[in-house]
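Trainee: Could we go through this structure together, with a few questions from me and some reasoning from you?

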Amino acid sequence: MNKWKILAKKALLGEEISNDEALSILECRDDEILQLLDAAFQIRQHYFGKKVKLNMIMNAKSGLCPENCGYCSQSSISTAPIESYRMVNKETILQGAKRASELNIGTYCIVASGRGPSNRDVNVVVEAVEEIKEQYGLKVCACLGLLKPEQAKRLKAAGVDRYNHNINTSQNHHSAITTSHTYEDRVSTVELVKEAGLSPCSGVIVGMKETKQDVVNMANSLKALDADSIPVNFLHAIDGTPLEGTNELTPMYCLKVLALFRFINPAKEIRISGGREVNLRSLQPLGLYAANSIFVGDYLTTAGQEKNEDIKMLEDLGFVIETVEEMKASLAMDKNQ
């Protein structure tokens with residue numbers, strides 16, 4: 001049994017992956033990548049079989065953000081030429097939900113730029129979600145920034161299932177990426193949504209000049225936060241942002257990162273998210289041996305891969321898309337527990 005399968009067995013037994021073991025995953029020799037992914041797949045298959053969860057984003061509010069996040073084209077310091085608009089109306093959000101339902105997308109993600117939502121923004125989301133649940137029964141994830149406790153409670157009451165607020169990077173590296181809010185602000189929001197009964201979704205952006213130790217720390221921080229869903233983004237550097245021109249990632253390294261997150265968070269949804277197409281490139285299919293979830297369609301301000309191409313990729317791999325009906329059954333089971 002090779003060392004990666006021994007490590008997979010350890011993860012399946014619920015034992016902690018040591019810091020040295022975690023770093024060894026990121027430092028895996030390229031000619032051992034198939035052995036590493038085979039071991040990661042043992043864990044993924046144990047918890048999720050060959051199922052893949054599909055997610056789709058609705059960019060409900062774009063640009064106009066006062067924060068200074070170095071990776072983001074929507075921030076106050078970005079000069080990237082993006083479309084900016086305030087919160088869309090309820091009908092627009094419902095149209096997106098209709099499309100998600102028609103495409104058999106299990107999770108519909110309503111995302112709004114900004115430090116945090118106004119009560120008016122929350123009102124729009126609440127009204128839309130109530131109708132989405134009634135008409136389509138989709139799993140709904142909201143991502144609106146830093147929340148107040150009463151706002152979290154309102155979202156939960158309306159039927160929002162999950163709330164996304166990424167830690168983005170490690171605590172040590174946070175100040176190199178943004179200074180307009182703290183790492184603790186982000187962690188506090190994740191804890192707040194958990195207290196409100198919402199499923200916590202929190203992830204990272206890899207490739208922002210962090211160290212390998214930072215990446216290990218991110219994976220361990222999300223384990224400590226007990227995030228149910230972990231989106232792993234790979235930096236797609238946008239011209240006009242402080243990280244413009246940053247290009248540190250290789251497809252092989254991205255695969256090692258996905259394997260690391262699976263080993264450290266074995267039973268959690270690991271989603272290959274933004275930057276998948278430009279960073280994994282022709283090795284995208286291999287990422288699904290560690291991850292069990294992807295975004296379909298466009299992201300916030302960057303284009304994704306055509307849905308048909310994603311479906312072909314999954315079919316060629318022999319994976320099975322989780323249907324909306326299966327997702328509904330899973331939601332019902334969660335509510336009964």
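Mentor: Sure, here come some questions and answers on one residue, one core and one helix. This is a predicted model, where local features need pLDDT of at least 70, side-chain atom pairs count only at pLDDT 80 or more, and totals for chains, interfaces and linings use all residues. Residues are numbered from 1 along each chain as its sequence is written, and side-chain values use heavy atoms, with hydrogens and water left out.

Trainee: Is Glu322 buried or exposed?

Mentor: Buried means under 20% relative accessible area, exposed over 50%, and partly exposed in between (1.4 Å probe, protein chains only). Glu322 has 14% relative accessibility, so it counts as buried.

Trainee: Which side chain does Glu322 join in a polar contact of 3.0 Å?

Mentor: A polar contact is a pair of N or O atoms within 3.5 Å; within protein, one must be able to donate a hydrogen and the other to accept it, and residues adjacent in sequence count only if both atoms are side-chain atoms. At 3.0 Å, the partner of the Glu322 side chain is that of Lys53.

Trainee: Which helix gives the largest share of the largest nonpolar core?

Mentor: Such a core is a set of buried Ala, Val, Leu, Ile, Met, Phe, Trp, Tyr and Cys residues joined through side-chain atoms within 4.5 Å. This one has 95 residues, and Tyr108 and Phe261 are among those touching the most other members. Helices (H or I, at least four residues) are DSSP runs, numbered from the N terminus. The largest share, 10 residues, comes from helix 10.

Trainee: How many residues of helix 10 are buried?

Mentor: Helix 10 is mostly covered. Of its 14 residues, the buried ones number 13.

Technical notes. Helix = DSSP H or I, 4+ residues; strand = E, 2+ residues; numbered from the N terminus.
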